[in-house]
Every structure is written in C-alpha cells, then in structure tokens.
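Visitor: I am new to this structure and would like a close look at a single part of it. Could you take me slowly through one sheet and what surrounds it?

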Amino acid sequence: CLFWLAFVAGLSPAAVHAGEIVKEPKLMIFVGRLAEVRELNYDCGRDCWNFDSGYRLKYSVLEAIRGDVHTQEESFDFFGHYGLPGFTHYETALLFVFKDDKASVMARYLAFPVTKTDTGTWAFCGDPYPKGTPRAERPAFHRVRFEMPVAASDITAAYRGDMSWRGWTDGMKPGRKRCSNAVLAEELAGYFRSRPEPGYKR
C-alpha cells in the first residue's frame, strides 16, 4: 500500500518509511582512492535469508564531481549479489553514493574504475553504456594517455579470485597506459546521474 501511495503522490518508494514521508538521501558523485574494506555480517533472524553480501568501504576523496562532498574521506555501504564489487580491485574509482543524516549507501551496482589522464581528467577505458543504447545518446569516446598506468589496489589483493572484477580487465587492465575508447568521469556522471537508485540491503 505504501508503495502505491508513493507512486500516486509522485514520490519514490524510497521516500516512504514506516508510514511516514521522509527525505530522500542526496546523491554524491566523486572520484576516490580506496582506503579500507570491511565485510559486514548480518543475521536477519530465523527463517530469513540475506540476498546480498555487504561491505563497508572507505575512500579518500580526490575530486568532487556532483553533489555536496565536503569531507576528505567518505565511508559507505555496498550491498550486492556477487561479492566484493569489481571496481574495488582498482586504486581509484568514480563513485555514486547516496547519503542522509543516518547512513551512506552506494548506488546499486553503479561505480567505475577510473585513472587520471595526462591532461588532469579522470577516465574509464571501455564501453560503460547499457546494451542497446543508441549511438546518438552516447557521449563520444576519447583517446587518452594515463598519467600513471592503471593500478590494481593492494587492499583487495586477497579477493582477486572473486569473479566480480574480471569483467573490467579488458579495458582497465592493470598496467595499461593508453586507451583509444575512453569515457571521461564527468561524462559518466552526466549520463548516469538520473539513473541510480540506493543499493539498500535485500
């Protein structure tokens, strides 16, 4: 019932909690350097199953792209089906995080490993857009040279056997110095900022 009340009122279901209308969390988009990973253990009780694994991630903020990012470090939770998310296997990433007064949670499966280019911008190497996206709706790809080769994170080295990161390695292969089909972080933020939803625990 609450879902349909929210729908009729033109509000997101995330804005309804315990029968009350509450403020939706604000979206922050920033580039950060991985500082810490901690696995979260949840026991939801008898006859209850967690569909997601959870991690508390801490990133040093390197560049604010969108939203109110006023701190040097941001900690937030990630929940997902496939273990530790692939972007955490890289030193730096473009992150979409929802934050309110009580909690911070990453957008559902929305983050990209990025590396700084020799012109000072941040870029992802590869095609990040959903399958079937018309060419006219895709920002143009760029040829870039990275300031430093793409680097894997030492912090998540113990998780390298996890399948979750292997999908990135064609474009963002560690050691890569150049990319002929790069997308800039600003363009990723502009394209995806209207699409994220908070990735709450399921």
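Guide: What follows is a walk through one sheet, the helix beside it, its disulfide and the nonpolar core.

Please keep in mind that this is a predicted model. The part to look at is an open sheet of four strands, which run in the order E8-E9-E11-E10 with antiparallel pairing. Strand E8 (115-116) and strand E10 (142-145) stand at the edges, and because each has a single partner strand, one side of each is left without a neighbour in the sheet. On one of these edges, E10 is paired in the antiparallel sense with strand E11 (residues 178-184), over three bridges, and there His142 can be found opposite Ala182 of E11. Packed on this sheet is helix H2 (residues 185-192), which touches strand E9 (122-125) as well as E10 and E11, and whose direction makes about 40° with that of E11.

Within the sheet, the next thing to find is a disulfide, in which Cys125 is joined to Cys179 with an S to S distance of 2.1 Å. This bond links distant parts of the chain, since Cys125 belongs to strand E9 and Cys179 to strand E11, 54 residues apart. The torsion about the S-S bond of Cys125 and Cys179 is about 85°, and the disulfide is therefore right-handed. As buried means under 20% relative accessible area, Cys125, with a value of 1%, is buried, and Cys179, with 4%, is buried too.

From here the view can widen to the nonpolar residues. In soluble globular proteins, nonpolar side chains tend to be buried together. The largest nonpolar core of this model has 33 residues, and those with the most contacts inside it are Val31, Leu94, Phe96, Phe112, Phe146, Leu188 and Phe192. At least two residues of this core are supplied by each of strand E3 (26-40), strand E6 (92-99), strand E7 (104-113), E9, E11 and H2, and it is H2 that gives the largest share, five residues. A good residue on which to pause is Phe96, which, leaving aside residues up to four places away in sequence, touches a list of residues that includes Leu27, Ile29, Met106, Leu110, Phe112, Leu188, Ala189 and Phe192. Apart from this largest core lies another, of 18 residues, among them Met28, Tyr55, Val61 and Phe78.

Methods. Residues are numbered from 1 along each chain as its sequence is written. This is a predicted model: local features need pLDDT of at least 70, side-chain atom pairs count only at pLDDT 80 or more; totals for chains, interfaces and linings use all residues. Side-chain values use heavy atoms; hydrogens and water are left out. Two strands pair if DSSP finds at least two bridges between them. Contact means heavy atoms within 4.5 Å. Axes are lines fitted to C-alpha atoms, for helices over the stretch in contact, and angles run from 0 to 180 degrees between N-to-C directions. A disulfide is a pair of cysteine sulfur atoms within 2.5 Å. Buried means under 20% relative accessible area, exposed over 50%, partly exposed in between (1.4 Å probe, protein chains only). A nonpolar core is a set of buried Ala, Val, Leu, Ile, Met, Phe, Trp, Tyr and Cys residues joined through side-chain atoms within 4.5 Å.
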